[in-house]
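Trainee: Could you take a close look at one part of this model with me? I would like to understand the salt bridge and its setting, and then hear about the surface.

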Amino acid sequence: MARLTNTAPNRVLAVDTMMVNEEPLLALLNLETDDGAVELAINRTMAELLVDQLLTLLGYDEEE
């Protein structure tokens, strides 16, 4: 699928993870986008940061 304009952000269409290692935690995060797949290796620290940012985006407050 082509991007709507040259300046439009690339949309995430699907997300999948695959465990690579349990200890230390390492996984592949696969993001399907308008421009194709983006595969990222993430560890526990990055996974926790992603969760924190997504919860903030959704309006959840950790103190509640």
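Mentor: Happy to! A word on terms before we start: a patch is built from residues with over 30% relative accessible area and no salt bridge, and nonpolar side chains are joined within 5 Å. Keep in mind that this is a predicted model.

Let's begin with the fold. The chain has one helix and three strands, arranged along the sequence as β-β-β-α. Of its 64 residues, 11% count as buried.

Now to the charged pair. The structure holds one salt bridge, formed by Arg 11 and Asp 34, whose closest N and O atoms are 3.1 Å apart. This pair links distant parts of the chain, 23 residues apart: Arg 11 sits in the segment before strand S1 (12–21), and Asp 34 in the loop between strand S2 (26–33) and strand S3 (36–43). The two partners have their own surroundings: Arg 11 is partly exposed, with a relative accessible area of 38%, while Asp 34 counts as buried at 8%. In general, side chains of opposite charge can pair when their charged atoms come close.

On to the surface. Leu 50, Val 51, Leu 54, Leu 55, Leu 57, Leu 58 and Tyr 60 make a nonpolar patch of about 730 Å². One of them, Leu 55, belongs to helix H1 (residues 44–57). Leu 55 is partly exposed, and its relative accessible area of 33% passes the cut-off of over 30% for patch residues. For the whole chain, the exposed area is about 5500 Å², with carbon and sulfur atoms supplying 57% of it.

Notes: Residues numbered from 1 in each chain as written. Predicted model: local features only at pLDDT ≥ 70, side-chain atom pairs only at ≥ 80, totals over all residues. Heavy atoms only, no water. Patch = residues over 30% accessible without salt bridge, like charges linked within 9 Å, V, L, I, M, F, W, Y side chains within 5 Å. Areas by Shrake-Rupley, 256 points an atom, 1.4 Å probe, with all protein chains shown as cover. Salt bridge = Lys/Arg side-chain N within 4 Å of Asp/Glu carboxyl O. Helix = DSSP H or I, 4+ residues; strand = E, 2+ residues; numbered from the N terminus. Buried < 20%, exposed > 50% of the residue type's maximum accessible area, 1.4 Å probe, protein only.
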